[in-house]
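Colleague: Got a minute? I'd like to go through this structure with you.

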Amino acid sequence: IFFFSSRRRHTRCREVSWARRCVQETGINAEYMGISVSKIYQEMMDDDDKKEKFKPWRKAEVLWPPDMPDDMLDYAIECTENSCKDHKNDIETKGNSIAEQIKKHMDEKWEPHWHVFLGKSFGCHAVHEKNRFAYFTMKLDKDNKCCFLLYKASQLLISLIIQVI
């Protein structure tokens with residue numbers, strides 16, 4: 001059984017869901033576990049309004065929280081760094097080769113169907129396996145940065161797409 005998730009996910013605890021219902025539907029300002037419900041709701045709304053956060057992780061700035069286990073994220077960043085060094089950080093002309101090399105390493109270590117995007121500016125909405133998504137930025141040299149998006153699509157999803165085609 002495969003579990004899928006979208007990058008635009010919202011994970012909230014039961015207390016916040018309860019707080020939202022209590023404040024929105026009834027207008028009651030109750031207390032739950034010693035915390036004002038309206039305070040919980042306001043904190044939840046403030047979190048939604050914040051921009052996406054990047055935090056340093058090894059030699060990259062990672063979109064936080066990553067949807068990937070730490071060891072897998074470490075390996076992805078290591079592969080990315082090595083691939084960029086092998087191609088002398090030439091993203092403009094050798095970007096395809098860099099992405100191919102990263103994909104090959106991820107497929108070998110963590111099973112097939114990884115997808116790799118890289119560039120200075122791009123958008124993406126992808127359906128991926130749960131805990132198999134990372135977006136990070138690496139400094140290539142003094143002036144250049146490059147963004148990397150890695151995610152894994154499952155065999156089940158790929159089989160369904162092939163059947164439709």
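Colleague: Which residues touch the most other members of the largest nonpolar core?

Modeller: Keep in mind that this is a predicted model. That core has 26 residues, and Met 106, Phe 136, Phe 148 and Leu 150 are the ones touching the most other members.

Colleague: And which elements each supply at least two residues?

Modeller: Two helices come right after β5 (60-64) in the list: α3 (70-86) and α4 (91-110). The strands β6 (114-119), β8 (133-139) and β9 (145-152) are there as well.

Colleague: Which one gives the most?

Modeller: That's α3, with seven residues.

Colleague: Back to Phe 136. What does it touch, leaving out residues up to four places away in sequence?

Modeller: Phe 136 touches Ala 60, Glu 61 and Val 62, then Ala 76, Ile 77 and Thr 80. Cys 146, Cys 147, Phe 148 and Leu 150 complete the set.

Colleague: OK, and what lies apart from the largest core?

Modeller: Another core, made of seven residues, including Leu 63, Ala 126, Leu 149 and Tyr 151.

Colleague: Switching topic: how many helices and strands in the protein chain?

Modeller: Five helices and nine strands. Along the sequence they run β-α-β-β-α-β-β-α-α-β-β-β-β-α.

Colleague: How much of the chain counts as buried?

Modeller: 35% of its 165 residues. As for the surface, the chain exposes about 11100 Å², with carbon and sulfur atoms supplying 51% of that.

Colleague: Last one: among contacts between residues at least 6 apart in sequence, what share joins residues at least 24 apart?

Modeller: That share is 57% in the protein chain.

Terms used. Residues are numbered from 1 along each chain as its sequence is written. This is a predicted model: local features need pLDDT of at least 70, side-chain atom pairs count only at pLDDT 80 or more; totals for chains, interfaces and linings use all residues. Side-chain values use heavy atoms; hydrogens and water are left out. A nonpolar core is a set of buried Ala, Val, Leu, Ile, Met, Phe, Trp, Tyr and Cys residues joined through side-chain atoms within 4.5 Å. Buried means under 20% relative accessible area, exposed over 50%, partly exposed in between (1.4 Å probe, protein chains only). Helices (H or I, at least four residues) and strands (E, at least two) are DSSP runs, numbered from the N terminus. Contact means heavy atoms within 4.5 Å. Accessible areas come from the Shrake-Rupley method with a 1.4 Å probe; for residues, only the protein chains shown count as cover.
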